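Grab a coffee and open the model in your viewer. Try each exercise by eye before you read the solution under it.

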Amino acid sequence: MASLSQGLRNNRISVESLSKSPILCPFEKVFPSQLNRDDAFYMRLAYNAAIDAYNQNEVPVGAVITHHGEVIATSHNQVELTGDATAHAEILAITQATRKCQDWRLNECTLFVTKEPCPMCSGASVMARLGRVVYSVADKKMGFLGGALDISKVQSLNHQLEITGGVLEEDCKELLAHFFSIKRT
Ligand SMILES: [Zn+2]
């Protein structure tokens, strides 16, 4: 299956060229059973945050950070709202988690995010010493946890991330693809 970034390239669009008109997300939030708190459970919470982004005319990426299974941060992309290129879901969630833990080191924490982190967010994950990063949709163009490059392969870094990709991939990919298809028209 063609990657999202390939699709974007093939269709010759960029985020900058998208319509500014807000649209309501046609997908519903899903509230998963609390009984089975696996990766898909937490990714579903990140997916729900991505729907909030969609409804605020932001590229629908959501993120959740857990500490020993407890959700300590939930955020979504807010680049348009803040006019700040660094307001990615992961960065905002890391800041929330740092405040909650009162420690910038998040070794005991796991980040769940609906798209593979970009260079900035992959770097921030290393700098925050996140124990684990779980992402949904791989990004061959901008992803730095294996898509375009793999920051975890840089042996000289003093922190190594445990990485899992492809969790809840179809749903998160469908959300992103729909957002961009609507914005094109
Ligand atoms: Zn990012």
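Below are five exercises on this predicted model, each with a worked solution.

**Exercise 1. Work out the strand order of the sheet and find its edges.**

Start with the pairings, one at a time.

- Step 1: β1 and β2 pair in the antiparallel sense, over 6 bridges. To check this in the viewer, look for I65, which stands opposite A73 in β2.
- Step 2: β3 and β4 run parallel and are joined by 5 bridges. L111 has V133 of β4 as its bridge partner.
- Step 3: β4 also runs parallel to β5 (residues 162-164), with 3 bridges between them. Here V134 stands opposite T164 in β5.
- Step 4: Put the strands in a row and you get an open sheet of 5 strands in the order β2-β1-β3-β4-β5, with mixed pairing.
- Step 5: β2 and β5 each have a single partner strand, so they stand at the edges and one side of each is left without a neighbour in the sheet. On average, neighbouring strands of this sheet are turned by 15 degrees against each other, ignoring direction.

**Exercise 2. Is strand β4 largely enclosed or open, and what surrounds it?**

- Step 1: Count the buried residues. In β4 (residues 132-137), 5 of the 6 residues are buried, so the strand is largely enclosed by the rest of the structure.
- Step 2: Look along the sheet. β4 is bridged to β3 and to β5.
- Step 3: Look for what lies over it. α6 lies across β3 and β4, and runs at about 60 degrees to β4.
- Step 4: Trace the connection from β3. Together, β3, α5 and β4 make a right-handed β-α-β unit.

**Exercise 3. Place A97 in its surroundings: is A97 buried or exposed?**

- Step 1: Find its element. A97 sits in helix α4, which covers residues 89-101.
- Step 2: Apply the cut-off. A residue counts as buried with 20 or more other C-beta atoms within 10 Å. A97 has 26 of them, so A97 is buried.
- Step 3: List its contacts. Leaving out residues up to four places away in sequence, A97 touches I65, I72, A73, L106 and C109. You've already met I65 and A73, as the pair that stand opposite each other in the hairpin strands.
- Step 4: Check a distance. V64 is 33 residues from A97 along the chain, and their C-alpha atoms are 9.3 Å apart.
- Step 5: Zoom out to the whole helix. A89, E90, I91, L92, A93 and I94 are buried in α4 along with A97. The buried residues of α4 pack against α2 (39-55), β1 (62-67), β2 (70-76), β3 (109-115) and α5 (119-127).
- Step 6: Test the length. The 13 residues of α4 should span 18 Å at 1.5 Å a residue, and the end C-alpha atoms are indeed 18 Å apart, so the two values agree.

**Exercise 4. Which residues other than glycine have a positive phi, and where do they sit?**

- Step 1: Begin at the hairpin. β1 and β2 have 2 residues between them, and H68 is in that turn. The phi of H68 is positive, near 50 degrees, though H68 isn't a glycine.
- Step 2: Move to the end of α4. Q102 follows the helix and lies in the loop between α4 and β3. Its phi is positive too, at about 55 degrees, and Q102 isn't a glycine.
- Step 3: Check exposure, which calls for 12 or fewer other C-beta atoms within 10 Å. H68 has 8, so H68 is exposed. Q102 has 6, so Q102 is exposed.

**Exercise 5. How do α2 and α6 lie relative to each other?**

- Step 1: Take the axes. Those of α2 and α6 (residues 169-184) come within 11 Å and cross at roughly 5 degrees.
- Step 2: Classify the angle. Under 35 degrees counts as roughly parallel, so α2 and α6 are roughly parallel to each other.
- Step 3: Find who makes the contact. Y47, A50 and Y54 take part from α2, with D171, C172, L175 and F179 from α6.

Notes:
Residues numbered from 1 in each chain as written. Predicted model: local features only at pLDDT ≥ 70, side-chain atom pairs only at ≥ 80, totals over all residues. Helix = DSSP H or I, 4+ residues; strand = E, 2+ residues; numbered from the N terminus. Contact = placed C-beta atoms within 7 Å. Expected span 1.5 Å × (residues − 1). Pairing = 2+ DSSP bridges. Right-handed = clockwise from strand over helix to strand, strands pointing away. Axes fitted to C-alpha atoms, helices over the stretch in contact; angles between N-to-C directions. Parallel < 35°, antiparallel > 145°, perpendicular 65-115°, else oblique.
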